[in-house]
Amino acid sequence: MIKPRKCVLEMKAYHSPLPGPGIDLRLDMNESTTGCSPRVLKKIRSLDAKLLALYPRRESGEKLVADFLGIKTGELLLTNGADEGIDVLSRAYLDSGDELIIIVPAFAMYEIFAQISGAKTVRVPAGPDFSFPLDGVLQAITPRTRLIVITNPHNPTGAVASRKDILHVLEAAPDAAVLLDEAYFDFYGETLMDQIGKIPNLFVARTFSKAYGLAGLRLGVMAGAADQISVLRRIAPPFNVNAFAIECLAEALNDREFVEHYVSQVCSTREWLRAALEEMGFKCWPSHTNFLLANFGELRPAILDGMTKKGIALRNRPDCDGCVRISIGTQQEMERVLAVLKPIVAARPVAQQALR
Ligand SMILES: Cc1ncc(COP(=O)(O)O)c(C=O)c1O
């Protein structure tokens with residue numbers, strides 16, 4: 001066998017958590033359960049064979065997204081999902097022995113991409129009730145810190161960091177790239193996109209996988225100061241974003257009614273589910289995303305198993321005691337979740353009934 005790099009050999013294989021057969025309701029990946037805008041679908045159906053014969057032109061899509069975000073074209077890179085943006089950023093700024101700071105529990109890909117670079121991950125635990133650990137992050141910064149990730153709103157907790165705290169971190173680490181991962185921005189509304197071009201070490205990531213219902217299309221955005229984005233362009237493959245994604249962008253961005261309707265449905269269903277789960281005695285943290293983190297305590301294995309048997313996939317979070325992450329679907333889908341949950345809860349031994 002040809003020997004790979006040492007840091008790659010040391011990595012564990014990443015197993016996609018995609019559920020197996022028998023699952024017809026996926027609530028484990030924070031995808032939309034209702035699909036994308038019909039205008040996007042119509043556009044895809046109208047594309048012809050000739051278009052697919054050509055290499056895609058990312059630049060036309062970048063102009064559309066930059067105008068939409070109110071930044072300059074040179075201040076963003078379109079990526080093959082936000083994942084690729086994180087990968088490109090890690091490869092641009094992390095060398096072997098450098099440090100990446102993340103707040104745990106965290107989205108898994110930050111650490112995976114850092115490992116590929118041979119960098120060390122410094123894990124700062126979230127504060128009480130998963131609040132943003134400003135002091136912990138500030139204390140973790142060293143001369144080797146080259147990348148700090150703030151996921152806002154945070155995955156898997158749904159918690160948010162204040163603008164003031166994020167600005168504090170940016171100022172405290174002027175030699176590190178600070179990635180503000182705004183994958184769930186549309187469900188929250190607060191952003192630092194307005195600081196792109198003004199703060200040299202700020203990067204903001206967005207995705208079309210969540211509120212736009214386009215996870216399968218693979219489309220993400222990495223925004224940053226123009227000179228830093230030109231560095232990322234050296235690394236990103238020239239045809240990283242596929243032709244379907246580029247051709248659909250205008251429809252995806254312009255169908256505001258679709259995105260707004262979906263976001264409003266998700267937010268109200270999320271609050272309804274949170275109230276129902278709390279009523280059953282399960283702690284659920286306030287969320288500004290399209291998912292909820294619930295503490296099922298000792299019932300977690302029984303609940304995960306019961307859901308799988310009924311065709312529903314939820315995301316186990318072994319990094320949070322007793323917790324499970326539930327993507328928000330339609331009201332009907334959430335009622336289906338509760339219908340599976342209720343008999344499991346009713347059957348639990350009395351000793352487990354006070355979870356809070
Ligand atoms: C915080 C966060 N960042 C990035 C991503 C990746 O998004 P994409 O599908 O655009 O690669 C996800 C997906 O779940 C996410 O939760």
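This report describes the ligand site, the largest pocket, the cavity and some backbone details of a predicted model.

## The ligand and its shell

The ligand has 14 residues around it, and those that come nearest are Ala82, Asp181, Tyr184, Thr207 and Ser209. Sorted by class, this shell holds five nonpolar, five polar and four charged residues. Among the elements of the structure, helix H5, which covers residues 81–93, gives the most to the shell, with three residues.

## Polar contacts and burial

Three side chains can be picked out for their short distances to oxygen atoms of the ligand. In Ser209, a polar side-chain atom lies 2.6 Å from a ligand oxygen. In Arg218, an N or O atom of the side chain is 2.7 Å from an oxygen atom of the ligand. For Asn155, the distance between a side-chain N or O atom and a ligand oxygen is 2.8 Å. A polar contact is a pair of N or O atoms within 3.5 Å, so the pair at Asn155 falls inside that cut-off.

How much of the ligand does the protein bury? Taken alone, the ligand exposes 400 Å², and the protein buries 93% of that area.

## The largest pocket

Which pocket does the ligand occupy? The space taken by the ligand is the largest pocket. This pocket contains about 1400 Å³ of space. Its lining is made up of 50 residues, and the ones nearest the centre of the pocket are Tyr14, Phe107, Ala108, Met109 and Arg315.

Several elements give two or more residues to this lining: H5, strand E3 (99–104), helix H6 (109–116) and strand E11 (312–317). Of these, E11 gives the most, with six residues. Helix H5 therefore appears in two places, as a part of the pocket lining and as the element that gives the most to the shell around the ligand. By class, the residues of the pocket lining divide into 25 nonpolar, 12 polar and 13 charged.

## The cavity

How many cavities of 30 Å³ or more does the whole structure have? The search finds one. The largest cavity holds about 100 Å³ of space. It is lined by 14 residues, and Ile103, Phe130, Phe132, Thr151 and His154 lie nearest its centre.

The lining of the largest cavity has nine nonpolar and five polar residues, with no charged residues. The lining of the largest pocket, in contrast, includes 13 charged residues.

## Backbone details

Two cis peptide bonds can be described here. One joins Val104 and Pro105, with omega at about 0 degrees. Pro105 is placed in the loop between E3 and H6, and both of those elements give residues to the lining of the largest pocket. The other joins Asn152 and Pro153, where omega is about -5 degrees. Pro153 is found in the loop between strand E5 (145–151) and helix H8 (163–172).

Asn30 is not a glycine, yet its phi is positive, at about 55 degrees. Where does Asn30 lie? Asn30 is in the loop between strand E1 (25–27) and helix H2 (38–46).

Methods
Residues numbered from 1 in each chain as written. Predicted model: local features only at pLDDT ≥ 70, side-chain atom pairs only at ≥ 80, totals over all residues. Heavy atoms only, no water. Near = heavy atom within 4 Å. Polar contact = N/O pair within 3.5 Å; in protein donor to acceptor, adjacent residues only side chain to side chain. Areas by Shrake-Rupley, 256 points an atom, 1.4 Å probe, with all protein chains shown as cover. 1 Å grid on protein atoms, 1.4 Å probe; cavity = no way out; pocket = protein on both sides within 12 Å on 5 of 7 lines; lining within 4 Å. Sits in = over half its atoms within 2 Å of the grid points. Helix = DSSP H or I, 4+ residues; strand = E, 2+ residues; numbered from the N terminus. Nonpolar A, V, L, I, M, F, W, Y, C, P; charged D, E, K, R; others polar. Points joined across faces, edges and corners; volume = space filled by probe spheres on them.
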